[in-house]
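Me: I would like a close look at one part of this structure. Please take me through its largest pocket, then set it beside its surroundings.

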Amino acid sequence: MTDALKRLSDEGVAIWLDDLSRKRITSGNLAELIDQQHVVGVTTNPSIFQKAISAGDGYQQQLADLAARKVTVEEAIRMITTADVRDAADILRPVFDATDGQDGRVSIEVDPRLAHHTVPTIAEAKQLAWLVDRPNTLIKIPATKAGLPAITEVIGRGISVNVTLIFSLERYREVMDAYLAGLEKAQAAGLDLAKIHSVASFFVSRVDSEIDKRLDKLGTDEAKALKGKAALANARLAYEAYEEVFSSDRWAALDKAHGNKQRPLWASTGVKDPAYKDTLYVDELVAPGTVNTMPEATLEATADHGRITGDTVRGGYAAARADLDALAALGISYDDVVRLLEDEGVEKFEASWNDLLKSTEAELKRLAPSEG
């Protein structure tokens with residue numbers, strides 16, 4: 001084993017685990033990853049919970065209790081998922097305290113069926129923050145058009161947020177603007193900005209998956225030469241936008257009031273194409289003040305053979321722009337790709353949530369006690 005994870009951490013990249021299950025909590029595995037693999041945070045999403053709860057390990061007693069109480073399936077899912085997040089937050093609390101609230105965070109997502117509805121998203125975010133009741137929670141809100149004003153409102157109420165499903169540079173700028181507006185709102189309300197944190201989850205591998213598919217269709221040597229370049233180019237230019245926004249006069253005023261920068265978080269960092277190195281989206285996205293949330297397989301691969309060679313983002317802005325320009329020259333529409341990926345992202349999480357509703361409902365019915 002190399003000590004690539006330590007080197008990554010030393011470069012200013014916070015390593016978060018993109019997975020959670022009750023078994024991972026109760027077996028001591030999460031605590032072990034924190035202790036031995038430099039993991040300082042956890043992200044969840046509807047797909048992760050659907051997989052964990054469907055696998056069944058550790059959930060039967062709580063499901064039986066919920067069935068006995070005849071709760072709705074929606075309430076059952078929220079009781080189960082918030083219990084896992086609460087327990088994970090407690091395990092990560094020492095990290096939270098040691099980093100002054102920056103890390104040691106666990107994310108939980110609003111119901112994905114609300115992605116295009118602002119007011120219910122705000123209400124759900126408030127409810128989740130109340131239900132989990134841990135200071136080291138991040139409420140995940142999708143970066144849809146309807147999500148942007150919800151981000152501002154929730155941050156303005158002092159609730160820390162993980163903005164998810166960001167694919168485009170334009171939307172990412174809108175997300176940072178929504179965050180700054182939220183901090184300004186919180187400041188006007190007299191809240192302590194030092195206690196409000198946020199990350200912006202910029203999705204990586206799905207960009208290559210979609211663009212590579214289009215390059216394969218073209219089939220030319222020129223197209224083949226651009227495979228595997230779009231996602232890194234997109235992410236690097238996102239970091240350039242982050243540097244610009246968080247060195248602005250607007251930010252300086254919030255910084256003076258002890259506001260925290262909204263860190264870029266690299267999400268979807270598991271490689272989808274087996275032709276690519278399995279640590280591609282870790283090795284090539286090293287920059288200070290970022291988060292990389294990894295599935296366990298990517299975490300293990302990085303520990304085993306990751307090559308951390310210092311900052312691999314800030315020197316590459318011109319090359320990144322050239323790669324995106326070359327794709328446009330081949331007729332691949334960036335705007336079309338990122339719009340499709342956002343729509344698909346919301347749909348995938350909604351489908352996972354619906355699957356979770358169905359499987360949990362079946363379990364509640366199976367475990368329901370006979371009358372009497």
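Reply: Here is a walk through the largest pocket, followed by a second pocket and a helix contact. Keep in mind that this is a predicted model.

Start with the space itself. The largest pocket holds about 610 Å³. Its lining is made up of 30 residues. Look to the centre, and the closest of them are Asp18, Asp19, Asn45, Ile48 and Pro295.

Next, see where the lining comes from. Two helices, α2 (22-26) and α4 (46-55), each give two or more residues to it. So do the strands β5 (161-166) and β6 (198-203). Helix α4 provides the largest share, with five residues.

Now sort the lining of the largest pocket by class. Eleven residues are polar, ten are charged and nine are nonpolar.

The second largest pocket has about 440 Å³ of space. Its lining counts 19 residues. Nearest its centre lie Arg105, Pro135, Gly158, Ser160 and Lys195. Here the classes are eight polar, six nonpolar and five charged.

Finally, turn to a pair of helices. Helix α5 (residues 60-68) packs against helix α17 (residues 334-367) at an angle of about 70°. Their axes are 8 Å apart. Angles of 65 to 115 degrees count as roughly perpendicular, and α5 and α17 are therefore roughly perpendicular to each other. On the α5 side, the contact uses Gln60, Leu63, Ala64, Leu66 and Ala67. They meet Thr360, Glu363, Leu364, Arg366 and Leu367 in α17. By class, this contact of α5 with α17 has six nonpolar, two polar and two charged residues.

Conventions: Residues are numbered from 1 along each chain as its sequence is written. This is a predicted model: local features need pLDDT of at least 70, side-chain atom pairs count only at pLDDT 80 or more; totals for chains, interfaces and linings use all residues. Side-chain values use heavy atoms; hydrogens and water are left out. Axes are lines fitted to C-alpha atoms, for helices over the stretch in contact, and angles run from 0 to 180 degrees between N-to-C directions. Helices (H or I, at least four residues) and strands (E, at least two) are DSSP runs, numbered from the N terminus. Angles under 35 degrees count as roughly parallel, over 145 as roughly antiparallel, 65 to 115 as roughly perpendicular and the rest as oblique. Contact means heavy atoms within 4.5 Å. Ala, Val, Leu, Ile, Met, Phe, Trp, Tyr, Cys and Pro count as nonpolar, Asp, Glu, Lys and Arg as charged, and the others, Gly among them, as polar. On a 1 Å grid over the protein atoms alone, a cavity is a set of points where a 1.4 Å probe fits but cannot get out, and a pocket is an open set with protein on both sides within 12 Å along at least five of seven lines; lining residues have an atom within 4 Å of a point. Grid points are joined across faces, edges and corners, and a volume is the space filled by probe spheres set on the points.
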